Amino acid sequence: MKIGIVCYPTFGGSGVVATELGLGLAKRGHKIHFITYRQPVRLAQHHFHENVFFHEVSNADYPLFEYPPYDTALASKMVDVVKYENLDLLHVHYAIPHATVAYIVKKILLTEGRYVPVVTTLHGTDITLVGNNRAFAPVVEFSINKSDGVTAVSQSLKNDTLAHFKIAKDIEVIYNFIDFERFKKINKDHFKKIIAPNGEKILVHTSNFRKVKRVEDVIFIFKKVYEKIPSKLLLIGDGPERQHLEELCRDIGLCNEIRFLGKQDAIEELLAIADLFVIPSGSESFGLSALEAMACEVPVLSTNAGGLPEVNIHGVTGYLSEVGNVDEMAKYAIELLCNEELHQTFRRNALAQAKRFDLHNILPLYEAYYESVLEKVMIGY
Ligand code: GMT
């Protein structure tokens with residue numbers, strides 16, 4: 001198949017999923033055309049592949065435009081690529097604005113007698129935080145309904161979508177996935193010695209440091225753990241909350257125990273030395289970062305928000321608590337980190353659970369879904 005993938009090229013989960021999906025499909029023989037404003041992060045990290053193409057959307061600037069019209073530039077590029085690369089299907093990731101732009105593209109191509117089916121994948125904040133906002137809601141609802149196929153990355157996100165919007169389409173749940181060739185436990189003992197020279201336990205959090213991630217809670221949980229167990233905290237990623245979080249670490253006197261590592265490409269090397277992954281999000285459609293940790297045999301301390309309970313199993317692969325229940329999360333962390341046998345069991349369980357989301361199991365689901373959408377379009381529904 002010739003597939004156009006539209007996504008955000010940044011470190012965010014939706015861009016990562018879109019890129020890894022495209023690369024996986026390319027290895028299975030499909031021709032994949034990424035269309036976005038910059039080369040996606042995970043694409044830039046990959047070697048050349050003959051089936052992978054990248055089409056950069058360049059935004060026309062003009063003094064009149066206080067906000068350069070990205071949607072228009074993207075639509076034009078999509079029309080161009082569908083026509084000249086003869087694409088069979090467009091798969092857009094993150095509803096805003098991609099599902100809307102895809103609808104316009106479909107309409108433009110129809111004027112030339114060509115129908116390009118559109119699959120939209122909902123990732124999370126496009127529904128739960130941003131999409132639900134009245135400034136976007138009518139357009140998001142309309143665009144989802146106009147897609148030929150709609151997928152959500154968890155059952156919880158599907159339920160949220162149906163609760164927030166009037167959706168006349170079936171939504172297929174296709175979970176996030178993991179590439180075990182990259183995410184696996186590797187030996188990084190030399191690195192562990194640098195971070196935790198006296199054998200301290202290592203807690204890790206990765207995110208985009210937005211409010212919804214509740215990184216403050218990570219720090220408060222860590223403070224309680226540190227009071228009982230010699231430990232270190234690695235905070236990986238960057239975002240709007242970082243300055244405030246650094247100040248918080250100074251205020252509570254834990255600067256030497258908490259390290260801000262910024263954005264990192266080789267997350268798996270950091271997960272290799274982790275004893276516990278902490279994700280206390282207020283909202284989380286799936287929690288790809290938790291899955292990455294589990295694939296590296298790291299148990300997960302999470303909230304029970306959104307799709308997290310579909311990934312992390314309470315008392316088996318980690319623990320789940322109500323959002324904001326820092327005391328309970330710290331208690332669970334201490335219990336686990338003080339019990340070596342339990343910790344080893346959780347490590348094994350985390351890996352076993354992660355295997356359910358193996359890329360090789362999930363890719364065929366997308367392929368089958370594309371086929372079913374194309375078939376429906378052929379027979380006119
Ligand atoms: O806000 C983020 O976490 C980034 C966001 C994105 O769309 O880039 O991630 C969302 O999509 C990921 C991939 O499907 C999911 O694993 C994340 O759980 C989801 N984030 C939220 O729902 C907050």
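Strand β8 (residues 201-207) and strand β11 run parallel and are joined by 2 bridges, where strands and helices are DSSP runs, of at least two residues (E) for a strand and at least four (H or I) for a helix, numbered from the N terminus. Within this pair, Leu-203 stands opposite Leu-276 of β11. The model is a predicted one, in which local features need pLDDT of at least 70 and side-chain atom pairs count only at pLDDT 80 or more, while totals for chains, interfaces and linings use all residues. Residues are numbered from 1 along each chain as its sequence is written, and side-chain values use heavy atoms, with hydrogens and water left out.

From β11 (residues 276-279) the sheet can be followed onward. This strand is covered on both faces, with Leu-276 and Val-278 on one side and Phe-277 and Ile-279 on the other, all of them buried; buried here means under 20% relative accessible area, exposed means over 50%, and partly exposed lies in between, with a 1.4 Å probe and protein chains only. The next step is from β11 to β12, which run parallel and are joined by 3 bridges, and here Val-278 stands opposite Leu-301 of β12. Strand β12 (residues 300-303) is in turn joined to β13 by 4 bridges, again in parallel, with Leu-301 opposite Tyr-319 and Thr-303 opposite Ser-321. In β13 (residues 318-321), Gly-318 and Leu-320 point one way and Tyr-319 and Ser-321 the other way, and all are buried.

These strands belong to an open sheet of 6 strands with parallel pairing, in the order β10-β9-β8-β11-β12-β13, where two strands pair if DSSP finds at least two bridges between them. Its edge strands are β10 (258-262) and β13, each of which pairs on one side only, and the twist averages 20 degrees from one strand to the next. Helix α14 (residues 326-337) lies across β8, β11, β12 and β13, running at about 170 degrees to β13; such angles run from 0 to 180 degrees between the N-to-C directions of axes, which are lines fitted to C-alpha atoms, for helices over the stretch in contact. Contact itself means heavy atoms within 4.5 Å.

After strand β9 (231-237), in the loop that leads to α10 (242-251), lies Glu-241. Its relative accessibility is 18%, so Glu-241 counts as buried. The side chains of Glu-241 and Lys-211 are joined by a polar contact of 3.2 Å, a term for a pair of N or O atoms within 3.5 Å, of which, within protein, one must be able to donate a hydrogen and the other to accept it, residues adjacent in sequence counting only if both atoms are side-chain atoms. Leaving aside residues up to four places away in sequence, Glu-241 touches Phe-209, Arg-210 and Lys-211.

A second open sheet has 7 strands, paired in parallel in the order β3-β2-β1-β4-β5-β6-β7. Its edges are β3 (52-56) and β7, each pairing on one side only, and neighbouring strands are turned by 25 degrees against each other on average, direction ignored. At the β7 edge, β6 and β7 pair in the parallel sense over 3 bridges, and Val-150 has Ile-171 of β7 as its bridge partner. Helix α3 (residues 70-85) lies across β1, β2 (31-36), β3 and β4, at about 160 degrees to β2, whereas helix α7 (residues 155-164) lies across β5, β6 and β7, at about 160 degrees to β7.

Helix α16 also packs against strands of this sheet, since its buried residues are in contact with β1 (2-6), β4 (89-93), β5, β6 (149-152) and β7 (171-173), as well as with helix α1 (13-27). Among the buried residues of α16 are Leu-359, Tyr-366, Tyr-370 and Leu-374. Seen down the helix axis, the buried residues of α16 fall within an arc of 160 degrees, so they line one face of the helix, the arc being that of the directions from the helix axis to the C-beta atoms. On the other side of α16, His-360, Glu-375 and Met-378 are exposed. At the start of this helix, a side-chain oxygen of Asp-358 reaches to within 2.9 Å of the backbone nitrogen of His-360.

The loop between β5 (118-122) and α5 (125-128) holds His-123, which is buried, with a relative accessible area of 9%. Its side chain makes a polar contact of 3.0 Å with the side chain of His-93. Not counting residues up to four places away in sequence, the residues that His-123 touches include Ser-14, Tyr-94, Leu-157 and Ser-285.
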